[in-house]
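Me: I would like to learn how to read a strand in its sheet, and then a pocket. Could we take one structure and go through both?

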Amino acid sequence: MTLDAWDDDEAAALYDLVYEHYDDDLSLYEEFARRGETPALELGAGTGRVALHLARAGLDVVALDSSPWMLRRLEAALDDATRRRVRTVEADMRNFDLRETFDLMFCALDTFELLLTADDQLSALRCVARHLSRGGVFVAELRSLTAIDWSDEPAALQLEWVRQDPQGGGTLAKMSSIAVSRAAQLMTSTLIFDRTDAGGVVRRRTLEVTLRATGRFELELLLARAGLRIESLYGGTDLSPFTDASDTMVVVARLEGA
Ligand SMILES: C[S@@+](CC[C@H](N)C(=O)[O-])C[C@H]1O[C@@H](n2cnc3c(N)ncnc32)[C@H](O)[C@@H]1O
């Protein structure tokens with residue numbers, strides 16, 4: 001099941017390896033967080049790629065995630081300066097009650113697409129609406145529907161990279177393949193990590209991540225059902241216009257009537 005993909009320490013460490021150099025969206029969330037007066041709330045904060053950036057920039061953040069293994073890595077990365085800025089919360093974004101409101105809530109990368117049914121998406125958005133302050137914004141980045149490759153040819157396994165294994169003397173290779181279900185709007189990536197030790201012995205770890213593609217108008221209707229409205233839609237984390245050529249969409253939503 002997708003939501004368990006990062007649910008042990010090895011998987012959480014692999015997540016960090018895959019995304020260690022990804023920083024395209026950090027200034028976007030920092031900019032929004034600077035406008036708020038409350039801490040920001042990140043849904044699906046994982047190992048803290050964004051949350052740690054905010055804390056290092058002097059901003060307070062609540063990092064909510066359902067995986068204790070991801071949150072444990074985040075906590076291990078805190079130092080004296082960032083510890084007082086980050087609060088971790090182990091909770092499901094579909095059902096949480098923090099009894100406070102936030103000027104910024106956000107869901108980075110494709111995290112919102114880990115919610116695989118309309119019911120799950122709606123439950124999460126209703127939680128967002130309950131926790132958003134009157135003037136607050138919810139920001140989420142999703143893949144653009146038109147940029148997704150929906151071809152359902154049997155997917156070949158692609159070798160993405162081979163590098164020195166940070167855990168030992170051998171190598172670590174990442175491979176992946178993708179399977180799609182167009183009718184269900186689902187795409188499953190199978191991620192294969194092969195660790196080859198100095199003696200040539202290979203140990204394989206396989207993770208599956210399923211995302212539900214969601215179009216802008218579907219998202220708009222879901223937000224409306226949760227009491228939220230789209231204020232702006234962008235075609236990337238640089239806040240460029242959303243066009244036919246956009247790979248992702250960044251949605252900025254507010255409470256209805258706010
Ligand atoms: C792709 S990672 C993104 C981590 C981080 N936001 C980033 O941008 O690097 C997705 C995270 O969402 C978490 N997650 C998935 N489903 C969740 C849910 N229903 N409630 C809370 N967290 C969830 C996973 O545990 C994982 O840490």
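**Strand S4 and the largest pocket**

Reply: Strand S1 (residues 40-43) and S4 run parallel and are joined by three bridges, and within that pairing Leu41 has Met105 of S4 as its bridge partner. Please keep in mind that this is a predicted model.

Me: Which strand pairs with S4 over five bridges, and in which sense?

Reply: That is strand S5 (residues 132-143), which pairs with S4 in the parallel sense, with Phe102 having Leu132 of S5 as its bridge partner. Between S4 and S5 the chain passes through helix H6 (residues 118-131), and this β-α-β crossover is right-handed.

Me: How many residues of strand S4 are buried?

Reply: As a general idea, side chains in a regular strand alternate between the two faces of the sheet. Here, six of the six residues of S4 (residues 102-107) are buried, so the strand is largely enclosed by the rest of the structure.

Me: How does one find a pocket, and what lines the largest pocket here?

Reply: In general, rolling a probe the size of a water molecule over the atoms shows where empty space is left. In this model the largest pocket holds about 1,000 Å³ of space and is lined by 43 residues, with Trp6, Tyr19, Asp110, Val209 and Leu211 nearest its centre. By class, that lining has 22 nonpolar, 10 polar and 11 charged residues.

Me: Which domains supply the lining of the largest pocket?

Reply: Domain 1 (9-145 + 214-255) and domain 2 (158-212) each contribute at least three residues, while the elements that each supply at least two include helix H1 (9-19), helix H3 (49-56) and strand S9 (202-212).

Technical notes. Residues numbered from 1 in each chain as written. Predicted model: local features only at pLDDT ≥ 70, side-chain atom pairs only at ≥ 80, totals over all residues. Heavy atoms only, no water. Buried < 20%, exposed > 50% of the residue type's maximum accessible area, 1.4 Å probe, protein only. Helix = DSSP H or I, 4+ residues; strand = E, 2+ residues; numbered from the N terminus. Pairing = 2+ DSSP bridges. Right-handed = clockwise from strand over helix to strand, strands pointing away. 1 Å grid on protein atoms, 1.4 Å probe; cavity = no way out; pocket = protein on both sides within 12 Å on 5 of 7 lines; lining within 4 Å. Points joined across faces, edges and corners; volume = space filled by probe spheres on them. Nonpolar A, V, L, I, M, F, W, Y, C, P; charged D, E, K, R; others polar. Domains from an automatic or database assignment.
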